[in-house]
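User: Please take a close look at one part of this model and explain how its aromatic side chains are placed. A connected account would suit me better than a list.

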Amino acid sequence: MKSILLREIKSFFGSPIGYLVIAIFLILNGLFLWVFEGDFNILNSGFADLTPFFTIAPWILIFLIPAVTMRSFSDEKKQGTIELLLTKPLSIWEIVNGKFLGAFILILIAIIPTFIYVKVISSLGMPEGNIDLGSTMGSYFGLLFLIAGYTSIGIFTSTISENQIVAFIISVFLCFIFYFGFQGISSFFKNFEDIIAFFGMDFHFKSMSRGVIDTRDVLYFSSITILFLSLTVYKLKSLKL
């Protein structure tokens with residue numbers, strides 16, 4: 001697995017992909033949070049918290065993560081190297097986990113610089129340091145699980161087609177459904193609104209953002225991640241047969 005992980009990271013940073021992903025994520029967040037006028041502008045909100053960041057970050061990642069993962073296996077299939085990859089002395093789970101962790105680490109690197117926002121907002125608080133660190137750290141924790149869920153979906157969709165654009169579109173669609181789709185559908189079923197919303201990532205991400213880590217939220221994101229990684233393994237096994 002380590003060899004696959006290192007190969008993925010080298011491929012990301014051996015080309016403009018890794019640098020573009022990090023730059024795009026930071027630039028988009030920076031523009032919405034500090035430059036553009038609107039509801040997400042922290043300076044205009046009058047509150048010393050990172051709620052705007054944790055509101056727009058999942059939407060940016062819905063497009064950014066599929067752009068990273070779309071080549072994971074679809075490119076291998078297109079280049080005809082998928083058979084060679086599957087014959088390596090590694091289990092399919094190790095191959096999938098290596099691909100998954102490579103993409104996950106890349107997005108994690110893009111998230112790390114945003115901790116500067118915490119320092120800046122803390123210094124802008126009245127009095128200085130007046131920021132809810134519990135809620136902020138809970139939101140970051142939730143964002144990590146959200147990234148893991150998105151990445152597992154993207155890895156799976158990359159096995160569906162050798163066309164990277166198709167893999168990207170399917171991944172964006174599935175990420176959107178799991179993040180907001182259940183929340184949107186729940187509004188049409190008032191008697192079952194909470195039950196339906198419970199199946200969406202948005203519900204559990206907001207729950208973690210309150211600063212209280214509930215095992216149900218951790219279990220939900222872990223289940224989503226394991227489910228799509230398992231589907232990826234199943235799909236690759238069908239190709240190996």
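The answer below takes one helix and follows its contacts outward.

Analyst: The model is predicted. The part examined here is helix 9, which covers residues 133–157.

Helix 9 contains 25 residues, and the distance from its first C-alpha to its last is 36 Å, close to the 36 Å expected at 1.5 Å a residue. Of those 25 residues, 19 are buried, so helix 9 is largely enclosed by the rest of the structure.

Two aromatic residues of this helix, phenylalanine 141 and phenylalanine 145, are four residues apart, about one turn of the helix. An α-helix has 3.6 residues a turn, so residues three or four places apart point the same way. The burial of the two phenylalanines is as follows. Phenylalanine 141 has a relative accessible area of 34% and is therefore partly exposed. Phenylalanine 145 has 18%, and because buried means under 20%, phenylalanine 145 counts as buried.

The search for ring pairs covers the whole structure and returns 25 aromatic pairs. Among them is one between tryptophan 59 and tyrosine 179: the ring centres are 5.4 Å apart and the planes stand at 90 degrees, so this pair is edge-to-face. Because tryptophan 59 belongs to helix 4 (residues 51–69) and tyrosine 179 to helix 10, the pair ties together parts that are 120 residues apart in sequence. Tryptophan 59 is partly exposed at 31% relative accessible area, while tyrosine 179 is buried at 4%. Phenylalanine 141 and phenylalanine 145 also form an edge-to-face pair, with 5.1 Å from centre to centre and 75 degrees between the planes.

From phenylalanine 145 the account moves to helix 13 (residues 215–240), where phenylalanine 221 is found. Phenylalanine 221 touches Phe145, and its other contacts beyond four places in sequence are Leu146, Met201, His204, Phe205 and Met208. With a relative accessibility of 0%, phenylalanine 221 counts as buried. The C-alpha atom of phenylalanine 221 is 20 Å from that of phenylalanine 53, a residue 168 positions away along the chain. Phenylalanine 53 is a member of one aromatic cluster, together with Phe25, Trp34, Phe54, Phe115, Tyr117 and Tyr140.

Another contact leads from helix 7 (residues 92–111), which holds lysine 99. Lysine 99 touches Ile155, along with Ile4, Arg7, Glu8, Ser72, Phe73, Glu76 and Leu85, when residues up to four places away in sequence are left out. The charged end of lysine 99 sits over the ring of phenylalanine 73, at 5.3 Å from the ring centre. The side chain of lysine 99 also makes a polar contact of 3.0 Å with the side chain of glutamate 8. Lysine 99 is buried, with a relative accessible area of 1%.

Helix 10, the helix of tyrosine 179, can be described in the same terms. Helix 10 (residues 164–186) has 23 residues; at 1.5 Å a residue these should span 33 Å, and the end C-alpha atoms are 32 Å apart, which agrees. Helix 10 nevertheless bends by about 50 degrees at phenylalanine 180. Tyr179 is one of its buried residues, which also include Phe178 and Gly181. At the start of helix 10, a side-chain oxygen of asparagine 163 comes within 2.9 Å of the backbone nitrogen of isoleucine 165.

Conventions. Residues are numbered from 1 along each chain as its sequence is written. This is a predicted model: local features need pLDDT of at least 70, side-chain atom pairs count only at pLDDT 80 or more; totals for chains, interfaces and linings use all residues. Side-chain values use heavy atoms; hydrogens and water are left out. Buried means under 20% relative accessible area, exposed over 50%, partly exposed in between (1.4 Å probe, protein chains only). Contact means heavy atoms within 4.5 Å. The expected span of a helix is 1.5 Å times one less than its number of residues. The bend at a residue is the angle between axes fitted to the seven residues ending there and the seven starting there. A polar contact is a pair of N or O atoms within 3.5 Å; within protein, one must be able to donate a hydrogen and the other to accept it, and residues adjacent in sequence count only if both atoms are side-chain atoms. Rings of Phe, Tyr and Trp (its six-membered ring) pair if their centres lie within 6.5 Å; planes under 30 degrees apart count as stacked, over 60 as edge-to-face and the rest as tilted. A charge sits over a ring if NZ of Lys or CZ of Arg is within 6 Å of the ring centre and within 35 degrees of the ring normal.
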